[in-house]
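Visitor: Could you walk me through this model and explain the reasoning behind the labels?
Guide: Sure, here it is.

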Amino acid sequence: MNLTRRELLATFLGTPIALAACRDQRAQKFPEGEIVGANWELGHILREGRGFEVAADKWQNLNIAIIGGGVAGLSAAWKLKRGGQNDLAIFELEKETGGTSRSGEAQPVGHPWGAHYLPVPFRENSDLIELIDEMSLAVEVECLLGWIETSIRNCKS
């Protein structure tokens, strides 16, 4: 089969146009969602030094104030409370705690908002293993070498 240059160009240049013409032209529904992250309006209140009134009955005296309810702030509160320090509060600028480790619920499955995962911890990381056990995220799995390791699974009860 010998194609002329004109026939070859018509074949290659015409294919994308033909495919586009056959495509479903109905408007595609954009998936629901939202842009998440730091709320700039709340952040600007602090940046600009604007004040706001706090009712007298809302004030507390605390020994420990944790600024930020992301992974680091929540971990610090957990560790302090396990050590007997209960006179603390977490102050978070956003509506929800969790920072980049937050997740959302949508159909058909839940989803992370940020990059968060947890690798299998080393045996020496006893604090992390204790937290995983406390949150009922651990399941024991027999390894190829014969010892028991802790593995993470997504469990929702």
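**Reasoning behind the labels**

Guide: Of the 157 residues of the protein chain, 11% count as buried. Keep in mind that this is a predicted model.

Visitor: What makes a residue in this chain count as buried?
Guide: Its relative accessible area has to be under 20%. In this chain, 11% of the 157 residues pass that test. The accessible surface of the chain comes to about 13700 Å², and carbon and sulfur atoms hold 58% of that area.

Visitor: What is the overall layout of helices and strands?
Guide: You'll find four helices and six strands. Along the sequence they run α-α-β-α-β-β-β-α-β-β.

Visitor: How do you know that strand 1 and strand 2 pair?
Guide: Pairing takes at least two bridges between the strands. Strand 1 (residues 64–67) and strand 2 (residues 88–91) have four bridges, so they pass as a pair, and the sense is parallel. Within that pairing, Ile66 sits opposite Ile90 of strand 2.

Visitor: Why is the crossover there called right-handed?
Guide: The chain goes from strand 1 through helix 3 to strand 2, a β-α-β crossover. The label asks for a clockwise path over the helix when the strands point away from the viewer. This crossover is classed as right-handed, so that is the direction to look for.

Visitor: Why is the contact between Lys79 and Asp127 called a salt bridge?
Guide: The cut-off is a Lys or Arg side-chain nitrogen within 4 Å of a carboxyl oxygen of Asp or Glu. For Lys79 and Asp127 the N to O distance is 2.9 Å, so the pair qualifies. Lys79 lies in helix 3 (residues 71–82) and Asp127 in helix 4 (residues 126–134), so this bridge ties together parts 48 residues apart in sequence.

Visitor: Are those two side chains buried, exposed or partly exposed, and how do you know that?
Guide: Partly exposed covers the range between the buried limit of 20% and the exposed limit of 50%. Lys79 has 45% relative accessibility and Asp127 has 32%, so each one counts as partly exposed.

Visitor: What makes Glu134 and Arg82 a salt bridge?
Guide: Their closest N and O atoms are 2.8 Å apart, and the limit is 4 Å, so they make the cut. Glu134 is in helix 4 and Arg82 in helix 3, so the pair links parts 52 residues apart in sequence. Glu134, at 44%, is partly exposed, and so is Arg82, at 48%.

Visitor: How many salt bridges does that rule give?
Guide: Six. One of them joins Arg47 and Glu48, with the closest N and O atoms 3.6 Å apart. Salt bridges with shared partners connect Arg47, Glu48 and Arg50 into one network.

Visitor: Why is Arg47 called exposed, while Glu48 is called partly exposed?
Guide: Exposed needs over 50%. Arg47 has a relative accessible area of 60%, so the exposed label fits. Glu48 comes in at 45%, so partly exposed is the right call.

Visitor: What makes Met1 count as exposed?
Guide: Met1 has a relative accessible area of 91%, and the label starts over 50%, so Met1 qualifies. Met1 lies in the segment before helix 1 (5–22).

Visitor: Which residues make the nonpolar surface patch?
Guide: Met1, Leu3, Leu8 and Phe12 make a patch of about 510 Å². Patch residues need over 30% relative accessible area, and Met1 has 91%, so Met1 meets that requirement.

Key: Residues are numbered from 1 along each chain as its sequence is written. This is a predicted model: local features need pLDDT of at least 70, side-chain atom pairs count only at pLDDT 80 or more; totals for chains, interfaces and linings use all residues. Side-chain values use heavy atoms; hydrogens and water are left out. Patches are made of residues with over 30% relative accessible area and no salt bridge: like charges are joined within 9 Å, nonpolar side chains (Val, Leu, Ile, Met, Phe, Trp, Tyr) within 5 Å. Accessible areas come from the Shrake-Rupley method with a 1.4 Å probe; for residues, only the protein chains shown count as cover. Helices (H or I, at least four residues) and strands (E, at least two) are DSSP runs, numbered from the N terminus. Buried means under 20% relative accessible area, exposed over 50%, partly exposed in between (1.4 Å probe, protein chains only).
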